[in-house]
Amino acid sequence: MGIPPAEGWGTATVHAPAGTIIGRRSGQVRRFLGIPFAEPPTGPQRFAAPARRGRFTEPYDASRHGPTSQRVPLFATTTVPEPSVPGDDVLNLGIVAPAADDDRAPFPVLVWIHGGGFLAGSPASPWYDGRAFARDGVVCVTVGYRLGVDGFAVLDDVPTNLGLRDLLLALDWVRENIAAFGGDPEQVTVAGQSAGGAAVLALLSSPAGDGRFQRAVSLSGGFFQAGAVRDFLGRLGDRLGVPATRAGFVGRTVEDVQRAVLDLRDERGDDTLVLGPFVGDDILPVPVAQGLAVHGHDVPLLLGATGDEFDSGATEGSARAAGTRLTDTLFRAACPRTAEARRAARPGTWLYSFEWPSPVLGGAAHCADIPYFFDVLDAPGVTEALGADPPQQLATSMHADLVAFIRGEEPAWARATGSLGDPAREYGRIGAPLVADTTGVFDPVVRPVSRAAAGTC
């Protein structure tokens with residue numbers, strides 16, 4: 001197998017329907033990384049629906065992270081460490097599980113979808129390490145999916161929403177194989193942050209998502225549906241010197257295409273962020289908000305956002321009083337809108353708001369809540385983003401709430417219905433009550449209320 005030796009690590013072997021998989025064990029934590037769930041999306045499979053991976057004929061070495069869809073980062077510096085791993089087998093997943101002799105099995109399962117604007121991001125980030133979940137009796141699965149043009153282009157003779165189709169196939173793999181890792185296939189929570197949180201809401205709203213998971217968590221998600229995709233692809237084709245067709249883009253490497261997207265971003269700004277879930281196919285026949293009113297009503301949902309998202313760094317007065325601020329428009333307004341769409345859902349929808357201000361980022365910034373929910377304040381990059389002394393007590397509390405939800409416990413605060421004043425669990429603002437409300441959230445579509453009234457998501 002050639003698993004590299006590492007001090008304190010031994011091997012861990014699982015015999016799953018997918019085949020024999022060999023990972024590593026340290027203490028009471030087992031890691032199985034880079035497990036392919038689909039054929040590599042290269043050659044004839046590029047721009048094709050994901051093809052289920054066949055059973056491994058030999059023991060599979062799952063000792064290291066697999067290749068990532070991200071070839072080049074979206075920005076030179078990102079809050080979340082997002083390593084790019086070379087290789088074509090990008091449709092893979094990693095599993096961090098409690099030890100096989102842990103008598104708490106079968107364990108509930110968390111399936112994590114990374115963010116990155118549907119253009120970038122990496123499931124290999126140390127911020128997504130599931131060791132604290134394994135410690136607390138949860139199997140944590142991180143999933144890779146196609147990004148950017150390869151995952152979300154709208155092209156003739158190409159299936160739409162390839163990235164979402166990848167995630168659906170990954171969920172099928174989990175359902176069929178996770179019991180071999182100690183997981184309970186009937187207790188699967190799908191969760192994600194930013195684009196990953198938007199993917200969760202898209203899957204929850206989709207007829208294709210029905211029955212594939214039992215709970216859902218969306219961190220800083222929102223309804224990030226595709227924008228002027230064909231216009232964008234036309235400009236991208238011009239830059240690459242190819243027609244904006246499947247044949248044209250196949251003639252360029254994934255790295256070439258991703259670099260061209262970054263070049264356009266540098267020239268034109270945020271209009272490159274138009275790739276995302278496409279509405280009007282079998283996966284998303286209607287917009288996400290409409291789909292949420294119909295599908296997933298038997299799935300409990302926990303969702304929220306950070307207090308400042310991309311407005312961090314502004315002064316408290318200017319950031320919190322600006323009714324049209326980016327934070328509310330893109331992220332926080334989606335919380336009451338989602339709750340309203342799911343008003344008839346049972347068990348229901350619960351909201352939270354992360355308000356702890358990072359002294360480095362200048363506020364409760366986008367991504368700052370991830371190390372708290374994962375309880376990994378010692379992970380690489382946390383000090384650079386959150387400062388030298390992020391409060392462990394906050395991480396303990398947030399992680400415990402998430403673990404309880406994954407286990408099937410109902411949150412301690414009341415459900416949300418989309419009404420003004422809905423309750424929301426507030427994390428991290430000094431002197432704040434346990435539960436605040438949504439009165440001050442600005443929604444340019446439903447309820448244009450000023451943020452001056454210090455509400456939460």
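Begin the tour of this predicted model at its largest pocket, whose lining comprises 20 nonpolar, 12 polar and four charged residues. To centre the view, select G117, S194, L273, F310 and H366, which among the 36 lining residues lie nearest the centre of the pocket. The volume enclosed there is about 890 Å³. If you then colour by secondary structure, look for helix α10 (residues 326-332), which with three residues gives the most to this lining.

Next, turn to the aromatic side chains, among which 16 aromatic pairs are counted. Select W112 and F374, an edge-to-face pair whose ring centres lie 4.9 Å apart, with 85 degrees between the planes. Because W112 belongs to strand β6 (residues 107-113) and F374 to helix α12 (residues 370-374), this pair ties together parts that are 262 residues apart in sequence. W112 is buried, at a relative accessible area of 3%, and F374 also counts as buried, at 1%.

Keep F374 selected and add F133, since the rings of F133 and F374 also form an edge-to-face pair, at 5.3 Å centre to centre and with 90 degrees between the planes. Here too distant parts of the chain are linked, with F133 in helix α1 (residues 131-135) and F374 in helix α12, 241 residues apart. F133 is buried, as is F374. Adding Y128 to the selection completes the view of a cluster in which ring pairs link W112, Y128, F133 and F374.

For a contact of another kind, select W9 and R24: the arginine lies over the face of the W9 ring, 4.5 Å from the ring centre.

The last stops are enclosed spaces, of which five cavities of 30 Å³ or more are counted. For the largest cavity, with a volume of about 110 Å³, select P41, T42, S69, R71, D88, V90, R146, L147, D150, V254 and Q258, the residues that line it. By class, this lining divides into four nonpolar, three polar and four charged residues.

Finally, move to the second largest cavity, which holds about 90 Å³ of space, and select its lining residues V72, L74, L119, L147, G148, V149, D150, V254, V257, Q258, V261 and L262. Helices α2 (148-152) and α7 (254-268) each supply at least two residues of this lining, and α7 gives the most, with five. The lining of this second cavity consists of nine nonpolar, two polar and one charged residues.

Technical notes. Residues are numbered from 1 along each chain as its sequence is written. This is a predicted model: local features need pLDDT of at least 70, side-chain atom pairs count only at pLDDT 80 or more; totals for chains, interfaces and linings use all residues. Side-chain values use heavy atoms; hydrogens and water are left out. On a 1 Å grid over the protein atoms alone, a cavity is a set of points where a 1.4 Å probe fits but cannot get out, and a pocket is an open set with protein on both sides within 12 Å along at least five of seven lines; lining residues have an atom within 4 Å of a point. Grid points are joined across faces, edges and corners, and a volume is the space filled by probe spheres set on the points. Helices (H or I, at least four residues) and strands (E, at least two) are DSSP runs, numbered from the N terminus. Ala, Val, Leu, Ile, Met, Phe, Trp, Tyr, Cys and Pro count as nonpolar, Asp, Glu, Lys and Arg as charged, and the others, Gly among them, as polar. Rings of Phe, Tyr and Trp (its six-membered ring) pair if their centres lie within 6.5 Å; planes under 30 degrees apart count as stacked, over 60 as edge-to-face and the rest as tilted. Buried means under 20% relative accessible area, exposed over 50%, partly exposed in between (1.4 Å probe, protein chains only). A charge sits over a ring if NZ of Lys or CZ of Arg is within 6 Å of the ring centre and within 35 degrees of the ring normal.
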